[in-house]
Amino acid sequence: MGAEYFFKIEGPILENNIPLHIAIDSLSNFQSILDRTYLALKGEKKKFSKKERQFFQLRATYFEKGSFLTYFEIFLASTQLTLPFITALGPQNIWDYTRESFNFLKIIFSAAQKGQQPQYDFHDNNDFTVHIGDNHFHFHGPVYQIGENSLKHYRKLAHLAEQGVSLITAGSKGSEDIELSEKDKNLFDLPSEIDSNQIELKCEIFDFNKFKNSGRLLVPEGQVLPPGEYNFSIYGDQDNVDYIYSMLRPQVTITCLKESRLNPFAGEAVFRLHITGVTS
């Protein structure tokens, strides 16, 4: 039998019975976090296949009521552990990298919440150092990828505070390695800011929802924003007919306000465009 770990959620919503949707959401996102660690250590993409599930599983040994407490083991099929992989991947390695990635995310998002942009130095051995002001934090190479790929699942766990969950912890016996409390519910949600200066863009509007007055557009090379796809919404009380017809054109010109937010992985990033006008 391998090492035993625990995953626990507490809060007023669990005082009498355990709502099934809370249990399922929390366990599903926790499993996905461990999946991201496993895939990163294997050097694979972030999508977890059904076939891969044969080789990597979390196996619950038992549950306890009161709060919602799950004890589990990390199972790896031995047929997958081939050299040099066998020395880099094992239940304890997977847990150690998961713990380290959580600490990494808490550090950089706590800084971003204060308006501080982390700076990174990547070393020849693929390890890296995070610089935040006069503080420096050293991490092993896979931690960056694991943190980036598991972020949305930590965000969903943190949001359970909005449904009556006050504390989420996970770890090994005698050690709470991962902890999210009510004060962390918005830790991974960074505030955005709308620039008051209008910009002009040539772009293609390829998706539009007439009920929400929002959609997606594609910005080509040579514009004031980096090329790529952007979310947009109609600013103010405009007729959405022009936007519906604009999808028939290969390119339109828009004026807009950009809404940006700090990205602790890559600096400031445009979150959404607020279109003030569109012409052919």
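Helices here are DSSP runs of H or I at least four residues long, strands are E runs of at least two, and both are numbered from the N terminus. With that in hand, let us walk through this predicted model, beginning with how far to trust it. The chain has a mean pLDDT of 89, and 95% of its residues reach 70 or more. One stretch calls for caution: over residues 81-86 pLDDT stays under 50, and there the model has 5 contacts beyond four places in sequence. Where pLDDT is low, the predicted coordinates should not be read in detail.

A good place to start is helix α1, which covers residues 20-42. From first C-alpha to last, the 23 residues of α1 reach 33 Å, close to the 33 Å expected at 1.5 Å a residue. Right behind the helix comes G43, with a positive phi near 75 degrees. Helix α3 (residues 91-113) can be checked in a similar way. Its end C-alpha atoms lie 33 Å apart, which agrees with the 33 Å that 23 residues should span at 1.5 Å a residue. Here too a glycine follows: G115, just after α3, takes a positive phi of about 80 degrees.

Now bring these two helices together. The axes of α1 and α3 come within 9 Å and cross at roughly 110 degrees. An angle from 65 to 115 degrees counts as roughly perpendicular, which is why α1 is described as roughly perpendicular to α3. On the α1 side the contact is made by F30, I33, L34, T37, Y38 and L41, and α3 contributes N93, I94, W95, Y97 and T98. By class, the residues of this contact divide into 8 nonpolar and 3 polar, with no charged residue.

Helix α1 has another helical neighbour in α4 (residues 142-158), which packs against α1 at an angle of about 170 degrees with the axes 9 Å apart. Angles over 145 degrees count as roughly antiparallel, and α1 and α4 are therefore roughly antiparallel to each other. From α1, the residues S26, N29, S32, I33, R36, T37, A40 and L41 take part; they meet P142, Q145, I146, N149, S150, H153, Y154, K156 and L157 of α4. This contact of α1 with α4 has 7 nonpolar, 8 polar and 2 charged residues. Look for I33, T37 and L41 on your screen: these α1 residues appear in the contact with α3 and also in the contact with α4.

What do the helices rest on? Start with the open sheet of 5 strands, whose order is β2-β3-β1-β7-β8 with antiparallel pairing. Its edges are β2 (56-65) and β8 (175-181), each pairing on one side only. From one strand to the next, the twist averages 20 degrees. At the β8 end, β7 (residues 167-172) pairs with β8 in the antiparallel sense over 6 bridges, and G171 has E176 of β8 as its bridge partner. Helix α1 packs on this sheet, touching β1 (5-10), β2, β3 (68-76) and β7, and its direction makes about 145 degrees with that of β2. Helix α3, for its part, lies across β1, β2, β3, β7 and β8, running at about 35 degrees to β8.

A further open sheet is built from 3 strands in the order β4-β5-β6, again with antiparallel pairing. Because β4 (119-122) and β6 (135-139) stand at the edges with a single partner strand each, one side of each is left without a neighbour in the sheet. Neighbouring strands of this sheet are turned by 20 degrees against each other on average, direction ignored. Strand β4 is joined to β5 (residues 128-132) by 4 bridges and the two run antiparallel, with D121 opposite T129 of β5. Helix α3 packs here as well, touching β4, β5 and β6, and its direction makes about 25 degrees with that of β5. Helix α3 thus lies across strands of the 5-stranded sheet and packs on the β4-β5-β6 sheet.

Farther along the chain, follow strand β13 (residues 252-263), which is joined to β9 (residues 192-194) by 3 bridges in an antiparallel arrangement. Here I194 has E259 of β13 as its bridge partner. Strand β10 (residues 199-209) also runs antiparallel to β13, over 5 bridges, and I199 is partnered by C256 of β13. Strand β14 (residues 267-279) pairs with β13 over 11 bridges, again in the antiparallel sense. Within that pairing L257 stands opposite H274 of β14, and the two strands form a hairpin with 3 residues between them.

Definitions and conventions
Residues are numbered from 1 along each chain as its sequence is written. This is a predicted model: local features need pLDDT of at least 70, side-chain atom pairs count only at pLDDT 80 or more; totals for chains, interfaces and linings use all residues. Side-chain values use heavy atoms; hydrogens and water are left out. Axes are lines fitted to C-alpha atoms, for helices over the stretch in contact, and angles run from 0 to 180 degrees between N-to-C directions. Angles under 35 degrees count as roughly parallel, over 145 as roughly antiparallel, 65 to 115 as roughly perpendicular and the rest as oblique. Contact means heavy atoms within 4.5 Å. Ala, Val, Leu, Ile, Met, Phe, Trp, Tyr, Cys and Pro count as nonpolar, Asp, Glu, Lys and Arg as charged, and the others, Gly among them, as polar. Two strands pair if DSSP finds at least two bridges between them. The expected span of a helix is 1.5 Å times one less than its number of residues. pLDDT is the predictor's confidence in each residue, from 0 to 100.
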